[in-house]
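Here are my notes on the two-chain model you sent over. Have the structure open as you read, and see whether the points match what you find on screen.

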Amino acid sequence: MTKSKDLPKPKIEASSTEERLKTDFITLSSHQLRTPLSAIKWFAEILLTQRKGKLNKNQLEYIREIQRSNERAIALVSDLLQVSRVSEGKLHLDLAEADLPTLIEEVIDSNRSFLTNKGIVLHLEILNGPLPNIFVDKAKIRRVAQNILLNAIKYTPKGGQINVILKNNSDDVICAISDNGVGIPADQQNKIFERFYRATNVLRIEPDGTGLGLFIAKSLVEAHRGKVWFESEEGKGTTVSFSLPFRKK
Amino acid sequence: MSKRILVIEDEPALLRAIGEALTMDGFQAMTAVDAEQGMALLRDARPNLILLDLILPGKNGFEVLKELKASPEYSKIPVIILSNLGDEEEIQQGLKLGAANFLIKADYDLAGIVGIVKKYLK
């Protein structure tokens, strides 16, 4: 018999009992989903140390596949939770002064191994600098840059190039991330920021994505009163840009 | 003498995995499935650091944290919250109550958690 567990009540304003129950449901669901995923993650890790017994080549490969699939599931739960917070208008912004070049460099650094593995060259450039500080939730803006950069890396061929340009645009700063990858077919471009939408040409290259990355990025930028837009040509590449105002309005 | 880490976690699989990881790295892992058991272990042998889950049967992690920080004997022991809850409100509440850090379990591998434990023990 399962013991009931007291869930610490999230401190969230709710205008009705229905809204409050929905929020608790989302919180509880993500917690309940993450728990077995954490167990899988950690025991796979322990097995791979081989301190509990030597593994043969196939066993190592299979456990690594378990890890990879598990990480996808964990990422999906996080993305779904983020999307539900956005949809419910429950996004909390922890605003502080930030230097955008520093945030972007941190994101680039955390993706070094992906870039190196694919032999992708990344150029970072600042136009009309120096850039004044912005007033943002640093973790969320890192998330925005991470989602856009990860897409660029996934859809850029081996040996390709990604350019990241930061530009002082007088009232705001613009970050543009360009790749020379597969691009987005013209007839699908109007759907690219929709939840779970993934262009048909990219599904062949990278079937593992959740289709939530750009939706989340757009939502987080708009929560900061910024904008997101893109330009793309199939076979040539894509540039996804976002702007963030310099001062809190 | 190896450092003692008290882990309070109600999910047996997670408790076992964290205990294994700490032991493999040379720590003495004290494991408890709820607050009552955790406090009993604490009284028997003072740990150097506590890893604390939030959703526990009986007293929850926030209540345990409040008690620890209110106690002159145990308030200086670093407490790291290890939870799969991760709403901003919960994180802020944990840090406000005196937790040294708040880690979302699903986001960390065991090596990462042990690395952070070592950082707080320096």
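1. Helix α5 of chain A (residues 138-155) lies across β2, β4, β5 and β7 of chain A and runs at about 25 degrees to β5(A). Contact here means heavy atoms within 4.5 Å. Angles run from 0 to 180 degrees between N-to-C directions, with axes fitted as lines to C-alpha atoms and, for helices, over the stretch in contact. Helices (H or I, at least four residues) and strands (E, at least two) are DSSP runs, numbered from the N terminus.

2. Before going further, a word on the source: this is a predicted model, in which local features need pLDDT of at least 70 and side-chain atom pairs count only at pLDDT 80 or more, while totals for chains, interfaces and linings use all residues. Residues are numbered from 1 along each chain as its sequence is written, chains are lettered from A and ligands numbered from 1 in the order in which they are written, and side-chain values use heavy atoms, with hydrogens and water left out.

3. The sheet under that helix in chain A is open, with five strands in the order β2-β4-β5-β7-β6 and mixed pairing; two strands pair if DSSP finds at least two bridges between them. β2 (121-127) and β6 (227-233) of chain A have a single partner strand each, so one side of each is left without a neighbour in the sheet. On average, neighbouring strands of this sheet are turned by 15 degrees against each other, direction ignored. Helix α3 of chain A (residues 100-110) also packs on the sheet, where α3 touches β2, β4 (161-168), β5 and β7 of chain A, and its direction makes about 175 degrees with that of β2(A).

4. Within the same sheet, β5 (residues 172-179) and β7 (residues 237-245) of chain A are antiparallel partners over eight bridges. To find the register, look for A:Asp179, which stands opposite A:Thr238 in β7(A).

5. Two backbone details in chain A deserve a look. The peptide bond from A:Gly129 to A:Pro130 is cis, with omega near 0 degrees, and A:Pro130 is in the loop between β2 and β3 (134-137) of chain A. A:Gln50, in the loop between α1 and α2 of chain A, has phi near 65 degrees, a positive value in a residue other than glycine.

6. On to chain B, where five strands form an open sheet in the order β2-β1-β3-β4-β5 with parallel pairing. Its edge strands are β2 (28-32) and β5 (101-104) of chain B, each pairing on one side only. From one strand to the next, the twist averages 20 degrees. β4 (residues 79-83) of chain B and β5(B) run parallel over four bridges, and B:Ile81 has B:Phe102 in β5(B) as its bridge partner.

7. Which strands of chain B does helix α3 touch? Helix α3 (residues 61-70) packs on β3 (49-52) and β4 of chain B, with its direction at about 180 degrees to that of β4(B). Helix α5 of chain B (residues 110-121) lies across β1 (4-8), β3, β4 and β5 of chain B, at about 145 degrees to β3(B).

8. How much area do chain A and chain B bury between them? The value is about 2900 Å², 60% of it on carbon and sulfur atoms; buried area is the accessible area (1.4 Å probe) that two parts lose on being put together, summed over both. The contact takes 28 residues from chain A and 33 residues from chain B.

9. A salt bridge (a side-chain nitrogen of Lys or Arg within 4 Å of a carboxyl oxygen of Asp or Glu) occurs once between chain A and chain B. It joins the side chains of A:Lys52 and B:Glu20, at 2.7 Å from N to O. α1 (17-49) and α2 (57-87) of chain A each supply at least two residues of the side of chain A that touches chain B, and α1(A) gives the most, with twelve residues.

10. Over all chains, the count is 13 salt bridges. One of them links A:Arg68 with A:Glu65, whose closest N and O atoms are 3.1 Å apart. A:Arg68 and A:Glu65 both lie in helix α2 of chain A, three residues apart, about one turn of the helix.
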